[in-house]
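Biologist: I would like to learn how to read this model with you. Could we go through it feature by feature?

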Amino acid sequence: MMGGWATPPLSSVVSVPRDTTKTPTTISGRIISAAPSAGSGRVLVLRPEGTGGGSPRTVVARASPWTTIRHARKLLCPGVSVRATLLPEEGGTAGGEGPAVEDVRIVSVLPAAPYLARLFSFSADELGVLFRGDELACAVRPCGLSELQSLLATCRSEIELGRQGTLFKHPRLLNLCGEISAYQGWKRGPQKAPSASVDMWESLLKLERRWLSDDNTVDGTLDEEERVTDGKKRKAAPDEDSAGTDGHRQLEFGGINVDPSLNLPDPTDTRRTSYIDERKRPQVLWMVDLICHLLHADDADDGRTLHLIDVGGGRGDLAIAVAACLAAQHRTAHVTVLDVNASSLSAGRERAAAAGLHGAMSFELLDVTERERVRDMFAGRRSALVFGLHCCGGLAEAAVDTAAALGCGFAVSTCCFRSNGGLAVLSELADASEPPGHVRDRDRAASLAVLVGATGQHRGIRVLNAMRLAAARNKWLAYGHKGVLRTWQESFPVKFSVQNRVMVGAVEDG
């Protein structure tokens, strides 16, 4: 299941013409995870096509247009079906990661508006390199050639008008999503849970023995009954009986509407509004509540503004809710969103201004790995907390490392454990102190952690976060801060998201 969609049978994938003068070995399947390789390629974990599917298979796509054209690699994401040619000389593996492949071809896209917006944002020349002949039209079937050309022209026009950030809301893209979903067999509904390989399971057990020790606290100790259930005691109490004109509940603090539904391109889309009602809004409220509890534990008021940092916050769904909640509690605070997506930051800035929170928020175009710039930005300020909702892969580790560098606590929700490998500073630190096989075991556990519905998925998430937190404590010591960093994991209800674990750090007196 990808993004809540049950994937269609791979037998529906059409053939892609290729050179018939050779008899190459091909590997076909649906991507279930993607991450950078040790070299300049891309590691893809595929669910093989055909009846019965089979166990996931890891392959390495070497340097190609998918890795050299800017952002093209993002098209090779979970849910996309590909066909790749195994290099003739590759009988073994590429750097121990999997067999090397060339000529990766996309044969079915992901029916999601953000994905299509990214796809249609590439220039005609770039698309001509990534897709041969009618491959693009095949991948977005049932879209016809004339309709495809018209869509590409529309998207190019929107980009030239400076509306790339809202391209995913365009009605034509939303309509195409529905057409692809219906024609290619995507459907809502349960699927048989995938199974973990023996190698994944062996690696999981090794990591659990290493990182789930008595001196490495894993699970949270906050009083769930007090923190979530009792509305009178919860720290982030939203306004009562806040409801929109459509009857759906709205998330408001102090009369400020900060509901995630405000980002919906089509408020009448029942599928999207159901997602907001059942998943997104509860996650945002749960995180706001946790953040307020962590701030409440350190109520010393020295008259300075509390500075909070949302890493990878984009449009600011969570950050705006946090700022509104603290304003309703009459706390002097400033929330800064750090992201590398300028259009998302611009949209968030507009939402904050519309909510009257422009003075309590900043949206900064900044790569969190630029440690010196981050330190300079918050020098002399009382940094209280770094947070993030669903920080993908290594971004979660970069967020925690940012908190350690600034000497403050954190609350970072994790997901997508195989992405943003270049930011995985905590994993690298853990690897450096462990035997060589640790990298392989960690990689296998990461594959398990993103295998939706697999037995052991949550154990994989839990142990990888435990490893990260142990490395974070070592980072804290290396930075030489006063006080002790206490770490643990919290988890929100899995019905909100299967990626439901949050890494938490609180600074205590030594």
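Modeller: Let us start at the surface, keeping in mind that this is a predicted model. Val 452, Val 494 and Val 498 form a nonpolar patch there, with about 190 Å² of accessible area together.

Biologist: Where does Val 498 lie, and is Val 498 buried or partly exposed?

Modeller: Val 498 sits in the loop between strand 13 and strand 14. To join a patch, a residue needs over 30% relative accessible area. Val 498 has 31% relative accessibility and counts as partly exposed.

Biologist: And the surface as a whole: what does the accessible surface of the protein come to?

Modeller: The total is about 22700 Å², and carbon and sulfur atoms account for 51% of that accessible surface. As for the interior, 53% of the 510 residues in the protein are buried.

Biologist: Let us turn to rings. How many aromatic pairs does the structure hold?

Modeller: The structure holds three aromatic pairs. The angle between the planes gives each pair its label: under 30 degrees is stacked, over 60 is edge-to-face. Trp 286 and Phe 492 are edge-to-face, with 70° between the planes and 5.4 Å centre to centre.

Biologist: Which parts of the protein does the pair of Trp 286 and Phe 492 tie together?

Modeller: Trp 286 belongs to helix 9 (residues 270–296), whereas Phe 492 is in the loop between strand 13 (484–491) and strand 14 (501–508), so their pair ties together parts that are 206 residues apart in sequence. Both Trp 286 and Phe 492 are buried.

Biologist: What other ring does Phe 492 form an aromatic pair with?

Modeller: Phe 492 also pairs with Phe 496, and that pair is stacked: the planes are 25° apart and the centres 6.4 Å apart. The cut-off for buried is under 20% relative accessible area. Phe 492, at 1%, is buried, and Phe 496 is buried as well, at 12%. Ring pairs thus link Trp 286, Phe 492 and Phe 496 into a cluster.

Biologist: A ring can also have a charge over its face. Which residue lies over the face of Trp 211?

Modeller: That is Arg 210, at 4.0 Å from the ring centre of Trp 211.

Biologist: Now the backbone. Which peptide bond is cis, with omega near 15°?

Modeller: Look at the bond from Arg 141 to Pro 142, which is cis with omega near 15°. Pro 142 is in the loop between helix 4 (135–139) and helix 5 (145–160).

Biologist: Where should I look for a positive phi in a residue other than glycine?

Modeller: Try Asn 420, where phi is near 50°. Asn 420 lies in the loop between strand 12 (409–415) and helix 14 (425–432), and Asn 420 is partly exposed, with a relative accessible area of 31%. His 330 is not a glycine either, yet has a positive phi of about 60°. You will find His 330 in the loop between helix 10 (317–328) and strand 9 (333–339), and His 330 is exposed, with a relative accessible area of 73%.

Biologist: To finish, how many helices and strands are there in the protein, and what share of the contacts is between residues 24 or more positions apart?

Modeller: The protein has 16 helices and 14 strands. Among contacts with a separation of 6 or more, 71% are between residues 24 or more positions apart.

Note on methods:
Residues numbered from 1 in each chain as written. Predicted model: local features only at pLDDT ≥ 70, side-chain atom pairs only at ≥ 80, totals over all residues. Heavy atoms only, no water. Phe/Tyr/Trp six-rings, centres within 6.5 Å; stacked < 30°, edge-to-face > 60°. Helix = DSSP H or I, 4+ residues; strand = E, 2+ residues; numbered from the N terminus. Buried < 20%, exposed > 50% of the residue type's maximum accessible area, 1.4 Å probe, protein only. Lys NZ or Arg CZ within 6 Å of the ring centre and 35° of its normal. Contact = heavy atoms within 4.5 Å. Areas by Shrake-Rupley, 256 points an atom, 1.4 Å probe, with all protein chains shown as cover. Patch = residues over 30% accessible without salt bridge, like charges linked within 9 Å, V, L, I, M, F, W, Y side chains within 5 Å. Salt bridge = Lys/Arg side-chain N within 4 Å of Asp/Glu carboxyl O.
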